[in-house]
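Reader: I'm new to reading protein models and I'd like a close look at one part of this one. Could you take me through how the helices pack?

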Amino acid sequence: MKKKPDFNIQMRTLRRRRLFLWFLVAIYIPMMWLVLHFGQSDRIAGVFFGIWVVLVAIAANFTAFCRCPACGNFFHMNGPIPMYLRHCLHCGMHISGDEKRNHFHKKS
Ligand SMILES: [Zn+2]
C-alpha cells in the first residue's frame, strides 16, 4: 500500500485525538475525588461532572469521525457504534502507521 504525502500528519492527528479522549476518561476519578474533597459541595461536583461529560462527548465524536489515512473510511467506526481499537476497522491499519503491525494481512 502506497502512503499518501500527508499520511503521517493524519496519523498524528488521529493519535492525538485518541490520547485526549483516553486522558479525559483517565482523569475522571482523580478529578471527582479532588472536587469532592476540596469543594465540599455536591453542586460544585455536579458542575465539574457536567463539564466533564460534555468534553468526553465532544472528544468521543471527534475521535469516532476521524478518517483513516490509508483507506479514507472512519478509523473507529464500521457501523453505528464506534470501537476505539488500535487498528482501522476497515483496512486494519495499525495506529502506529507501521504496515507490519496491520491487523489484516493482505496477500500480494
Ligand atoms: Zn483504514
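Reader: Here is what I'd like to start with: in what kind of crossing, left-handed or right-handed, does α2 pass α3?

Author: Good place to start, and keep in mind as we go that this is a predicted model. The crossing of α2 past α3 is right-handed. Helix α2 covers residues 28-39, and it packs against α3 at an angle of about 160°, the two axes being 9 Å apart. Because angles over 145 degrees count as roughly antiparallel, that angle makes α2 roughly antiparallel to α3.

So who touches whom? On the α2 side, Y28, M31, M32, V35, L36 and G39 take part, and they meet I44, A45, F48 and W52 of α3. Sort this contact by class and you get 9 nonpolar residues, 1 polar and no charged ones.

Between the two helices there's a loop, and Q40 sits in it. Have a look at the backbone there: the phi angle of Q40 is near 55°, a positive value in a residue that isn't glycine. Q40 has 9 other C-beta atoms within 10 Å, and since 12 or fewer counts as exposed, Q40 is exposed.

Now swing round to the other partner of α3. Helix α1 spans residues 7-26 and α3 spans residues 42-64; their axes come within 9 Å and cross at roughly 155°. That makes α1 roughly antiparallel to α3 as well. The handedness here is left-handed, whereas α2 passes α3 in a right-handed crossing. From α1, the residues R17, R18, F20, L21, L24 and V25 meet L55, V56, A59, A60, F62 and T63 of α3. This contact divides into 9 nonpolar, 1 polar and 2 charged residues.

Let's pick F20 out of that list. F20 is in helix α1, and with 16 other C-beta atoms within 10 Å it is partly exposed. You've already met A45 in the contact of α2 with α3. F20 and A45 are 25 residues apart in sequence, and their C-alpha atoms are 22 Å apart in space.

A70 and M93 make a nice contrast to keep in mind: they are 23 residues apart in sequence, and 7.0 Å apart in space from C-alpha to C-alpha. A70 is found in the segment after α3, and it is buried, with 23 other C-beta atoms within 10 Å. Leaving aside neighbours within four places in sequence, M93 is in contact with C68, A70, H87, C88 and N102.

Both A70 and M93 belong to the largest nonpolar core, a group of 8 residues whose other members are M11, L14, C66, C68, F75 and C88. As a general point, nonpolar side chains in soluble globular proteins tend to be buried together.

One last stop in that segment after α3 is G72. Is G72 buried or exposed? G72 is exposed, having 11 other C-beta atoms within 10 Å. G72 is also 50 residues from W22 in sequence, with 23 Å between their C-alpha atoms.

To pull the packing together: α1 is roughly antiparallel to α3, and α2 is roughly antiparallel to α3 too.

Terms used:
Residues numbered from 1 in each chain as written. Predicted model: local features only at pLDDT ≥ 70, side-chain atom pairs only at ≥ 80, totals over all residues. Axes fitted to C-alpha atoms, helices over the stretch in contact; angles between N-to-C directions. Helix = DSSP H or I, 4+ residues; strand = E, 2+ residues; numbered from the N terminus. Parallel < 35°, antiparallel > 145°, perpendicular 65-115°, else oblique. Left-handed = near helix turned anticlockwise from the far one by under 90°. Contact = placed C-beta atoms within 7 Å. Nonpolar A, V, L, I, M, F, W, Y, C, P; charged D, E, K, R; others polar. Core = buried A, V, L, I, M, F, W, Y, C linked by C-beta atoms within 7 Å. Buried ≥ 20, exposed ≤ 12 C-beta atoms within 10 Å, placed from the backbone.
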